[in-house]
Every structure is written in C-alpha cells, then in structure tokens.
Amino acid sequence: MHNMRGNSAYGSNQWTETDERERRFDKDAPFFPASLIDKGQGAKNSGKLNRTFFAQLRALTRIMIPSLASREMLIIVMHSVFLVLRTWLSVVVAELDGKIVKHLVRGHGRKFLAGLLSWFAIAIPATYTNSMIKFLESKLSLAFRTRLTQYVHDLYLNDHLSYYKMLTLDGRISNPDQFITTDIARFCNKLSSFLSNLGKPTLDTIIFNIQLIRGVGFHGTVGMFAMYMATASLLRAWTPAFGKMAASHAKLEGEFRANHARVITNAEEIAFYRGEEREEEQLQFSLTRLLEHARGVAKRKISHVMLEDMVIKYTWSAFGYVVCALPFFLQPAMGIGSRGGSGDDGGFRTQSFITNRRILVNLSDAGGRMMYSIKEVMELTGYTSRVYSLISTLHAMRRDEYEKPELDSASDEQPKLPEFSLADIKGTTYEDIDGVRFTSVPIAAPNMDPNISGELLVRPLTWEVRRGQHWMIAGPNGVGKTSVLRVLSGLWPAFAGTVERPEPSEIIYIPQRPYLSLGSLRDQVIYPHTHAQMQALGRTDEELMEVLHAVHLAYLPSREGGLGARKEWKDVLSGGEKQRINLARLFYHLPRFAVLDECTSAVSADVEGLMYEHAKRLGVTLITISHRPALYKYHTFLLRLGVNEAPTELPTISTNLSLHSDSEESRPETTGTTESWETDMASSGVLWDVVQLSTDAGTTDSSLSSSPPDMEPQMPNG
C-alpha cells in the first residue's frame with residue numbers, strides 16, 4: 001500500500017491530468033469487480049449470453065461511450081438514421097418492383113420505362129446509404145478501439161507499475177500484448193457491427209411485417225412469425241458455444257505469437273547454443289495446438305451451417321411462397337382483385353405477388369441475418385470476456401489486489417491464506433523522506449499461485465540510508481540482493497513492516513541488464529524524458545556531451561552520426577557502452593539517490609572508479625549491489641546478506657558489526673575476511689548484518705556521524 005503522509009514536504013495540492021485520470025479510475029473501479037472474470041476458458045459461464053456478459057458489456061460501454069454528448073454517440077445516431085433510411089428504401093424498391101412487373105404484364109411500355117428510370121433514381125440514395133453504413137460502422141469501431149486502448153494504456157503504463165505486476169505477480173492474464181493489440185480490435189469490430197448485424201434485421205422485421213399484414217393479411221403474418229420463432233429455437237439449441245471457442249482460439253493465438261516473439265528477442269542466445277531445432281519443436285507444438293483447435297471448430301460448424309442453410313434459405317423461402325400464394329387461392333375470402341376490373345385482375349395479381357414476394361424475401365433475409373448474428377453475438381461474448389478480464393485485472397493491480405484462493409466449495413469459507421501471500425499484504429510504503437528506511441520488512445519472493453506460500457529470502461530487515469552515506473549490498477548469488485531493491489522500488493510488495501523512500505523524482509534505479517529504447521542517441525541518454533521535456537527543462541545538447549564525457553562516451557555522437565541519429569542501439573553498442581549509457585542517465589537526471597544493481601559489470605575497473613567518484617562529487621548518494629571488492633572504498637557501509645552462506649572479502653580495516661538480524665547472536669569485531677557462521681536458515685530466510693567500511697567515504701554532509709545510523713524502528717508521522 002503506497003501512501004503520502006499529510007506532512008510530506010513533497011506533496012502537492014494541485015490537480016493534474018494524472019489526478020483526473022486517477023479519479024476516473026476510482027469512479028470506474030466498482031464496475032470491474034474481479035468476480036466477473038471468467039476463471040479460465042473452460043469456466044461454466046465463459047462465452048455465454050447471460051447476466052455476466054451484460055454486466056461486462058455495461059462496464060466496457062462506460063469507457064467507449066463516456067456520455068450521451070460524446071462523438072461515439074453521434075456516430076451511433078447517424079448510423080441508426082441510415083439504417084432506418086435503408087429499410088424505408090427497401091420497402092419503396094419492393095413496391096416499385098411490383099409496379100414494373102405489372103406494367104410489363106399489361107404491355108404499358110412508357111410506364112415500364114418510367115418505372116426503370118425511377119429504379120435508377122432510387123439507386124443513387126440506396127448506394128450512398130449502403131456506403132455510409134459501412135463507413136460509419138468502421139468509424140465507430142475505430143472510435144471504440146481508440147477509447148479502450150487509451151484507457152488500457154493509462155491503466156497499464158503508470159506509476160503503479162501495473163505492467164510489471166501483471167506479468168510477474170498475477171497469473172490471471174497471460175500475453176497481455178495479445179489482449180491489447182488483437183482482442184480489443186476484434187471486440188470493437190464485433191460490437192460496431194452489432195447494429196448492422198442485429199439492429200438492422202430487427203428493424204427490418206418490424207417494418208416488413210407491417211407491410212406484410214397489408215399484403216397477405218394478419219393470419220399469414222402470424223404464421224410466418226410462428227415459423228420463425230420455432231426454427232430460431234431449433235437453431236439456438238443446435239448452435240455450438242462459439243463464444244467459448246473464440247476465447248480459446250484467441251488464447252492459443254496469443255501463445256503462438258508469444259513463442260515467436262521469444263525467438264526474436266533471444267535470437268543471438270539461441271544462435272550461440274544452436275538451439276534452432278529445440279525452438280522449432282516448441283513453435284510447432286504451439287502451432288499444432290492452435291490448428292487442432294481450429295479444425296475442431298470447423299468440424300463443429302459443418303452440421304450447424306447445414307441446418308442453418310436448410311432453415312434460412314429453403315424452409316423459410318418455401319413457407320414464404322405458400323404465404324404469398326394463399327391470398328390468390330383464397331381470393332373470394334381475402335378480397336383480392338376488388339381494386340380493379342377483370343381486365344386489370346392479372347396485372348394486379350402480378351403486382352401484389354411480386355411486392356409481397358419481395359417483402360418476404362427481405363423479411364427472410366432479415367430473419368437469416370438475425371440467425372447468423374446469434375453466432376456473431378456468441379463470439380462477441382468471448383471477446384467481451386477477455387477485454388473485461390484485462391481491464392478488471394489492471395484495476396486490481398492498480399489497487400495492489402492480487403488473485404485470491406478460491407472459496408471452499410464444501411464450506412463456502414475463505415481458506416487460510418498461505419504465508420507471504422499476495423492476497424495478504426500488510427506492509428506500508430511511504431514516498432516522503434529524504435532517505436531510505438526499512439523497518440522490520442521481510443524480503444520474500446511472491447508466488448503468483450494464491451494457494452502457494454511465497455519464499456522468504458531475507459529475515460525481517462531494519463535498515464536506513466541517509467543522505468551522503470553510501471551503501472553497498474553484498475552476498476552470495478541468489479541470496480536476495482536484487483530482491484531488496486525490488487521491494488525498495490515497489491516492484492515487489494512489502495509483506496510486513498514499513499518501507500520509506502524518496503519521491504520517485506529523487507531516486508533512480510539502474511538495473512544490471514541495460515535497456516535501450518527506440519529513438520535517437522539523445523533519447524537514450526535522457527530516457528525516460530522526451531526531447532520536448534528536455535527542452536522544456538532548459539537542458540541543452542552541450543550538457544549531454546558533458547554527461548557523455550563523464551561516462552567516457554564522448555566519441556559516440558561523432559561515430560554514430562550525432563545525437564539525433566536513430567538506430568537499433570541494442571545491436572550497435574557493445575556491452576560496456578550500453579551500461580555506460582545507463583549510467584549517463586544518472587548524471588543527466590541527477591537524483592539525490594541512485595540504486596546501482598551490478599550495472600558496471602562490463603565496464604573496466606578504472607572507468608568504473610572514475611564514474612563512482614564523479615557521482616559522489618555531484619552529491620548523489622549511492623546504493624550499490626556488486627561482487628567487486630574494489631568498490632568498497634567508495635562506500636560508507638556494507639549490508640551483508642547471507643552471512644551464514646559464504647565468506648565475504650573485506651578490505652583490511654577495522655569494522656564494526658553493530659547491526660544484525662534480530663535472531664542473530666552478537667558478532668565479534670572482524671578484520672580482513674569474515675567467517676561463515678553455522679545456522680539452519682535454509683528454509684526460513686538468510687541472516688544479514690551491517691559493516692562500517694570507512695569513516696570517510698566521501699560523505700557530502702559534514703553533520704552526518706561516521707557511525708552506523710540509528711536502526712531503531714521509527715513510527716511514521718500521523
């Protein structure tokens with residue numbers, strides 16, 4: 001849980017654009033409860049037309065249509081107007097069709113030609129109407145996708161680190177890129193075509209039935225309606241679970257795509273190992289699963305399509321002919337022919353039959369599209385479920401609410417939570433002090449499975465870093481050094497205790513693995529700032545050259561074509577150059593604190609030392625993870641993790657082991673190389689202690705004592 005205390009020196013009472021987004025997310029969150037997320041593709045309610053679907057669709061509609069005055073609502077209204085216009089034109093065409101045939105039967109040439117001219121005249125608004133319906137449908141789809149994607153991006157990439165938490169701490173969403181790039185687009189396409197595929201046929205059915213009553217009578221229309229309902233029930237009962245199939249297919253597509261993306265990302269490593277055959281096997285396996293599912297869906301569709309065509313194309317048409325013919329066989333009872341004399345009887349019969357038949361054809365077409373749209377709606381439920389699951393999970397990540405164990409089906413009670421469960425986070429994090437302070441914080445690796453305990457790596461840690469006191473964190477591999485930094489930065493939760501740190505702009509974290517973004521050489525140095533932000537801050541390229549000189553990369557602009565050169569930098573720069581580019585970001589941003597995680601492992605020792613000295617001269621307080629004993633001289637204190645695991649080489653100076661794990665026995669003073677203490681910590685976290693490395697390691701504040709800081713827990717203000 002992240003808090004800003006009321007007396008924070010860094011707080012601000014001004015609303016910003018980010019604050020407005022946060023308020024909207026708070027308002028939307030109740031509409032995205034995790035209880036509506038389908039638990040796996042085989043869930044009972046997955047991809048079904050039920051209350052869950054309508055609740056999910058309602059929540060998504062809040063995002064896509066934020067108000068009645070929105071642009072999306074205007075498009076829907078325009079689209080509806082053109083749909084009504086097309087239906088009206090269909091009625092006019094049906095009547096005109098009957099008149100043209102009547103004039104043809106009677107041999108009225110001029111009236112026949114006049115009818116043809118009217119036919120072509122109607123073709124102009126009819127074709128324009130059809131084109132506008134398609135255009136507005138596409139425009140609505142793009143508008144929906146824009147709203148949803150922007151909303152997801154705001155939830156996904158923010159200071160709550162939702163993008164990281166979803167990938168590493170929560171197991172509800174796999175391959176989020178598939179959800180964002182593909183599933184949202186498919187959902188918007190399906191939904192935007194909903195008016196055309198279901199709304200238009202429904203409107204046609206109402207209007208054409210009114211026209212049909214006038215032509216064949218009330219009883220014939222009721223008979224047609226009864227037949228439609230009976231066959232529709234049959235088709236629905238025979239329709240497979242297309243929504244569930246669509247969701248499963250999208251999941252398999254995402255896995256296949258992710259496997260290909262992994263090969264692209266790790267191409268060099270795979271090439272070194274000559275792992276092409278193994279990678280091909282994995283790709284082929286995922287492709288086989290995808291194709292088997294697609295074949296299964298295709299086989300399920302055979303019988304469904306046969307029944308669908310039999311009902312819609314043949315049964316309905318045959319029944320329509322019967323309904324059209326009945327008035328003529330029952331002419332005395334129906335009063336057919338009373339509008340004209342005997343000479344006009346044949347023409348009138350022909351006109352009446354052609355008009356009614358045209359209306360029945362349109363009615364059958366509308367009914368057919370309604371039947372086909374049932375399948376479309378079922379597929380829509382699948383995509384709705386996936387998009388809703390994505391947004392609901394992002395809302396949960398924003399609130400640090402992770403997946404919880406399922407209720408016991410027998411007792412309907414919440415099971416006891418395992419130790420260090422993400423569903424039971426009791427720690428608190430504050431971002432309002434000029435330093436770093438851990439108070440009784442266990443360092444535990446979380447487990448995405450809510451039914452399995454997290455792994456305790458380091459026993460509850462009490463630790464404080466003050467301005468000007470440079471710290472080094474050391475210990476054997478796998479002991480949890482980087483895990484401490486994950487908890488400090490907020491990547492991992494504090495399961496207990498209190499973590500206090502500076503506000504984000506006053507601390508920078510530089511990981512061991514360099515990250516180079518898309519963009520120019522300038523963009524690499526100022527990341528995550530943009531060029532526009534750099535200019536707004538009054539920074540110049542001359543300053544960037546000074547920064548590059550500080551990390552011994554002043555030659556890069558001339559070699560690569562200037563600071564504005566754009567290349568695939570991860571392939572252009574060497575390992576040492578990549579790490580020095582990351583350190584250049586430290587000197588550009590100049591925070592008060594810098595956390596360095598083995599970020600100079602590929603840099604020569606002399607250049608490494610010069611950069612450390614430069615950072616200290618600039619007043620940056622360093623927290624370093626490294627295995628290099630040569631770096632001890634640049635730090636004031638050493639936090640040792642896993643003191644029971646292996647010896648730690650220290651410089652030959654007097655040290656003071658005044659701080660240690662709560663459960664650890666008092667330690668003797670140590671010189672040179674420390675010894676390994678025996679303990680049974682393998683299953684309950686390693687021990688830690690603090691060693692003073694130097695009485696003067698470049699402390700920038702003369703008022704600071706050279707002794708280790710007071711580690712007594714301090715209660716937060718307020």
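Is threonine 621 buried or exposed? Let's start there today, and then wander through the rest of the chain. One thing up front: this is a predicted model, so please keep that in mind as I talk.

Okay, threonine 621. It's buried, because its relative accessible area is 0% and the cut-off for buried is under 20%. You'll find threonine 621 in strand E9, which covers residues 621-625. Its side chain reaches over to the backbone nitrogen of glycine 468, at 2.8 Å. And who else does threonine 621 touch, once we skip residues up to four places away in sequence? There's a run made of Val465, Arg466, Arg467, Gly468, Gln469 and His470, and then Arg592, Phe593 and Ala594.

Let me zoom out for a second. The chain has 718 residues, and 49% of them count as buried. In secondary structure, we get 21 helices and twelve strands. Now take the contacts in the chain with a separation of 6 or more: 78% of those are between residues 24 or more positions apart.

Here's another strand residue to click on: valine 499, in strand E6, residues 498-501. Valine 499 is buried too, since its relative accessible area is 0%. Among the residues it touches, leaving out those up to four places away in sequence, are Thr428, Thr429, Tyr430, Phe438 and Val441. Val487, Leu488 and Ala494 are also on that list. Serine 489 is ten residues from valine 499 in sequence, and the two C-alpha atoms are 9.6 Å apart in space.

Now for helices. Two packed helices are described by the angle between their axes and the distance between the axes. So let's do that for two pairs.

Pair one is H20, residues 575-589, with H21, residues 605-617. Their axes come within 11 Å and cross at roughly 15°. Why do we call H20 and H21 roughly parallel? Because angles under 35 degrees count that way, and this one qualifies. The crossing of H20 past H21 is left-handed. The contact uses Arg580, Leu583, Leu586 and Phe587 from H20, and Val607, Met611, His614 and Ala615 from H21.

While we're in H20, have a look at glutamate 577, which sits in that helix. Buried or exposed, what would you guess for glutamate 577? It counts as buried, because its relative accessibility is 6%. Its side chain makes a polar contact of 2.8 Å with the side chain of tyrosine 555. Setting aside neighbours within four places in sequence, glutamate 577 is in contact with Leu553, Tyr555, Leu556 and Arg559.

Pair two is H2, residues 51-64, with H4. Here the axes come within 8 Å and cross at roughly 95°. So H2 is roughly perpendicular to H4. On the H2 side we have Leu60, Ile63 and Met64, and they meet Phe144, Arg147, Leu148 and Tyr151 in H4.

H4 runs over residues 109-156, and asparagine 130 is in it. Asparagine 130 is partly exposed, because its relative accessible area is 35%. Leucine 83 is 47 residues away from asparagine 130 in sequence, yet the C-alpha atoms are 8.6 Å apart in space.

Next, some backbone oddities. Most residues other than glycine have a negative phi, and most peptide bonds are trans. Let's look at where this model departs from that.

First stop, asparagine 175: its phi is near 55°, a positive value in a residue other than glycine. Asparagine 175 is in the loop between helix H5 (162-168) and helix H6 (176-192). Histidine 552 also has a positive phi, near 60°. That histidine, 552, is in the loop between helix H17 (541-550) and helix H18 (556-560). Histidine 552 counts as partly exposed, because its relative accessibility is 33%.

And the peptide bond? Going from tyrosine 527 to proline 528, it is cis, with omega near 10°. Proline 528 sits in the loop between helix H15 (521-526) and helix H16 (531-536).

Last topic, cysteines. How many disulfides does the count come to? Zero. Cysteine 188 is buried, because its relative accessibility is 0%. Cysteine 599 counts as buried as well, at 3% relative accessibility.

That's my tour, so go ahead and spin the model around.

Conventions. Residues numbered from 1 in each chain as written. Predicted model: local features only at pLDDT ≥ 70, side-chain atom pairs only at ≥ 80, totals over all residues. Heavy atoms only, no water. Disulfide = S-S within 2.5 Å. Buried < 20%, exposed > 50% of the residue type's maximum accessible area, 1.4 Å probe, protein only. Helix = DSSP H or I, 4+ residues; strand = E, 2+ residues; numbered from the N terminus. Polar contact = N/O pair within 3.5 Å; in protein donor to acceptor, adjacent residues only side chain to side chain. Contact = heavy atoms within 4.5 Å. Axes fitted to C-alpha atoms, helices over the stretch in contact; angles between N-to-C directions. Parallel < 35°, antiparallel > 145°, perpendicular 65-115°, else oblique. Left-handed = near helix turned anticlockwise from the far one by under 90°.
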